[in-house]
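Let us read a structure together, one feature at a time, with a learner asking and a teacher answering.

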Amino acid sequence: MKEKLIAGNWKMNKTPSEAKALMKEIIPMVKNSPHKMMVAPSYVCLGAVAEMIKGTNIQLAAQDVSAHTEGAYTGEVSVSMLKDIGVDAVILGHSERRQYHGETDEMINKKLNLCLENGLTAIVCAGETLEEREAGRAFDVVQGQLDVSLKNIDKKFASKIVIAYEPVWAIGTGKTASSDQAEEVHAHIRKVLGGYFGADAAAQIVIQYGGSVKPDNVKELMSMPNIDGALVGGASLKADSFAALTSF
Ligand code: PGA
């Protein structure tokens with residue numbers, strides 16, 4: 001199988017000591033993985049995890065970043081702070097940030113620009129709700145989110161962009177999109193990206209699927225031609241299941 005990008009989004013789980021214990025287990029278990037891997041712990045765990053993964057085959061992602069560069073923005077964390085710690089990538093526009101923190105496509109666009117200008121990879125999340133899917137609007141909703149989130153992004157940055165298709169109805173619910181349902185949206189996303197960056201650049205962009213990915217469904221999903229990786233929540237929180245997710 002082609003090399004995939006498997007990223008574990010830990011969300012608001014694991015204290016720094018728990019994060020260190022988990023990484024201590026994960027690192028030797030995945031050292032022979034044929035795939036690219038990332039972990040995305042909370043901000044307060046990033047420093048400790050960054051130290052532990054030096055020289056390993058695991059990359060580090062943050063779950064969000066400020067849309068501002070620096071200054072009087074209490075509670076925010078900037079791109080330069082993340083870079084200084086050794087963060088490689090940032091997840092942007094996760095549906096939980098859209099739902100609970102009012103994150104908009106315009107904000108994602110600002111954050112995306114900042115990440116790319118500063119050499120960070122960005123994982124831009126997009127996905128429809130159950131209501132939108134049932135109304136036959138999945139393609140339109142995802143395209144609408146990407147049109148704004150990726151607006152005016154220079155083609156030269158295409159290789160630093162990852163898209164995560166995460167149908168909201170499949171996140172943390174145990175309901176996975178079938179591999180055909182996911183593939184259909186991924187193929188559409190690839191076409192949309194071709195419209196922004198040209199077909200050649202779009203063919204190289206990693207499009208991850210996310211939403212109840214587990215060791216028992218990862219291989220089937222990853223076998224689809226337009227699915228280049230997975231963004232995993234729940235199943236990334238235990239060493240054995242993360243290792244299983246990266247060893248198919
Ligand atoms: P889940 O979360 O794997 O627990 O469904 C996926 C995500 O939100 O990235």
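## Ligand, core and cysteines

A: We can start at the ligand, bearing in mind that this is a predicted model: an oxygen atom of the ligand has a backbone N or O atom of Gly234 at 2.9 Å. Taken alone the ligand would expose 280 Å², and the protein buries 97% of that.

Q: Which residues come nearest to the ligand?

A: The ligand has 13 residues around it, of which Lys11, His94, Glu166, Gly172 and Ser212 come nearest. For Lys11, a polar side-chain atom lies 2.7 Å from an oxygen atom of the ligand, while for Ser212 a backbone N or O atom lies 2.7 Å from a ligand oxygen atom.

Q: How many residues of the shell around the ligand are nonpolar, polar and charged?

A: The shell is made up of four nonpolar, seven polar and two charged residues.

Q: How should I read the largest nonpolar core, and which residues have the most contacts inside it?

A: In soluble globular proteins, nonpolar side chains tend to be buried together. Here the largest nonpolar core has 71 residues, and Leu150 and Ile163 have the most contacts inside it. If neighbours within four places in sequence are left aside, Leu150 is in contact with Asn109, Leu112, Val124, Ile161, Ile163, Leu193, Tyr196 and Phe197. Another core, of twelve residues, lies apart from the largest one, and its members include Ala7, Ala40, Cys125 and Ala164.

Q: How many disulfides does the structure hold?

A: A disulfide is a covalent bond between the sulfur atoms of two cysteines. The structure holds zero disulfides, and for Cys115, which is in none, the nearest cysteine sulfur is that of Cys125, 12 Å away.

Q: Why is the sulfur of Cys125 not in a bond with the closest cysteine sulfur?

A: Because the closest cysteine sulfur, in Cys115, is 12 Å from that of Cys125, the two are too far apart for a bond.

Q: Are Cys115 and Cys125 buried or exposed?

A: Cys115 counts as buried because its relative accessibility is 0%, and Cys125, with a relative accessible area of 2%, is buried too.

Methods: Residues are numbered from 1 along each chain as its sequence is written. This is a predicted model: local features need pLDDT of at least 70, side-chain atom pairs count only at pLDDT 80 or more; totals for chains, interfaces and linings use all residues. Side-chain values use heavy atoms; hydrogens and water are left out. A residue is near a molecule or strand if one of its heavy atoms lies within 4 Å of it. A polar contact is a pair of N or O atoms within 3.5 Å; within protein, one must be able to donate a hydrogen and the other to accept it, and residues adjacent in sequence count only if both atoms are side-chain atoms. Accessible areas come from the Shrake-Rupley method with a 1.4 Å probe; for residues, only the protein chains shown count as cover. Ala, Val, Leu, Ile, Met, Phe, Trp, Tyr, Cys and Pro count as nonpolar, Asp, Glu, Lys and Arg as charged, and the others, Gly among them, as polar. A nonpolar core is a set of buried Ala, Val, Leu, Ile, Met, Phe, Trp, Tyr and Cys residues joined through side-chain atoms within 4.5 Å. Buried means under 20% relative accessible area, exposed over 50%, partly exposed in between (1.4 Å probe, protein chains only). Contact means heavy atoms within 4.5 Å. A disulfide is a pair of cysteine sulfur atoms within 2.5 Å.
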